[in-house]
Amino acid sequence: MGKQRKTWSPEVKEEIVLAVLSGEKSIAELVRQHGVAESLIHNWRAQFLEAGRARLAGNKQDDGFKVLEKENERLKSLLGEKELALYIAKKARGL
């Protein structure tokens, strides 16, 4: 059986990142304490800082979500049109 990945709650990730950024603990200490890979801590820190920069620049978190929702609706509509065209084509062949 394959090894399962451990999942980290947003709260734990935030706690770890803030400990690193504040200088409260070193990355090595957090790796030992939480059993998390060093590369993950670096990734979380980079994501945290990037999200902060984006928010300070005025980007709202849900802007990307709205774009994805709109794209999802467009694709659903396109899929419906294609299914209808396929249904009509199958009916026409059966006549």
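Which residues does Lys25 touch, not counting residues up to four places away in sequence? In this predicted model, Lys25 touches Ala19, Val20, Leu30 and Gln33. Lys25 itself is found in the loop between H1 and H2. At 27% relative accessibility, Lys25 counts as partly exposed, because that class lies between the buried limit of 20% and the exposed limit of 50%. A further value places Lys25 with respect to a distant part of the chain: Lys25 and Phe65 are 40 residues apart in sequence, and their C-alpha atoms are 34 Å apart in space.

The account may now turn to helix H1, which covers residues 10-22. At 1.5 Å a residue, its 13 residues should span 18 Å, and the end C-alpha atoms are indeed 18 Å apart, so the expected and computed spans agree. The buried residues of H1 are Ile16, Val17, Ala19 and Val20. Seen down the axis of H1, these buried residues fall within an arc of 160 degrees, and therefore they line one face of the helix. A general property of helices helps in reading such a pattern. An α-helix has 3.6 residues a turn, so residues three or four places apart point the same way. On the face of H1 turned away from the buried side, the exposed residues are Pro10, Glu11 and Ser22. The buried residues of H1 pack against helix H2 (27-34) and helix H3 (38-56). Just after H1 comes Gly23, which takes a positive phi of about 80 degrees.

One residue of H1 deserves separate attention. Lys13 lies in helix H1 and counts as partly exposed, because its relative accessibility is 31%. When neighbours within four places in sequence are left aside, Lys13 is in contact with Trp8 and Trp44. Lys13 and Ser77 are 64 residues apart along the chain, and a distance of 38 Å separates their C-alpha atoms.

Helix H2 is the next element to consider. Its buried residues include Ile27, Leu30 and His34. Viewed down the axis of H2, the buried residues fall within an arc of 60 degrees, so they line one face of the helix. These buried residues of H2 pack against H1 and H3. His34, which lies in helix H2, counts as buried because its relative accessibility is 18%, and buried means under 20%. Leaving aside neighbours within four places in sequence, His34 is in contact with Lys6, Trp8, Val12, Glu15 and Ile16. H2 is followed by Gly35, whose phi is positive, near 70 degrees.

Which residues line the largest pocket? The lining consists of Arg5, Lys6, Thr7, Trp8, Gly35, Val36, Ala37 and Leu40. Gly35, the residue that follows H2, is thus named again here, as one of the lining residues. By class, the lining has 4 nonpolar, 2 polar and 2 charged residues. The volume of the largest pocket is about 160 Å³. The idea behind a search for such spaces can be put briefly. Rolling a probe the size of a water molecule over the atoms shows where empty space is left.

Helix H3, against which buried residues of H1 and of H2 pack, has 19 residues. From its first C-alpha to its last, H3 reaches 27 Å, close to the 27 Å expected at 1.5 Å a residue. H3 is followed by Gly58, whose phi is positive, near 100 degrees.

The last element to visit is helix H4, which covers residues 62-94. Glu71 is found in H4. With a relative accessible area of 34%, Glu71 is partly exposed. The C-alpha atoms of Glu71 and Asn59 are separated by 19 Å, and the two residues are 12 residues apart along the chain.

Note on methods
Residues are numbered from 1 along each chain as its sequence is written. This is a predicted model: local features need pLDDT of at least 70, side-chain atom pairs count only at pLDDT 80 or more; totals for chains, interfaces and linings use all residues. Side-chain values use heavy atoms; hydrogens and water are left out. Helices (H or I, at least four residues) and strands (E, at least two) are DSSP runs, numbered from the N terminus. The expected span of a helix is 1.5 Å times one less than its number of residues. Buried means under 20% relative accessible area, exposed over 50%, partly exposed in between (1.4 Å probe, protein chains only). The arc is that of the directions from the helix axis to the C-beta atoms. Contact means heavy atoms within 4.5 Å. On a 1 Å grid over the protein atoms alone, a cavity is a set of points where a 1.4 Å probe fits but cannot get out, and a pocket is an open set with protein on both sides within 12 Å along at least five of seven lines; lining residues have an atom within 4 Å of a point. Grid points are joined across faces, edges and corners, and a volume is the space filled by probe spheres set on the points. Ala, Val, Leu, Ile, Met, Phe, Trp, Tyr, Cys and Pro count as nonpolar, Asp, Glu, Lys and Arg as charged, and the others, Gly among them, as polar.
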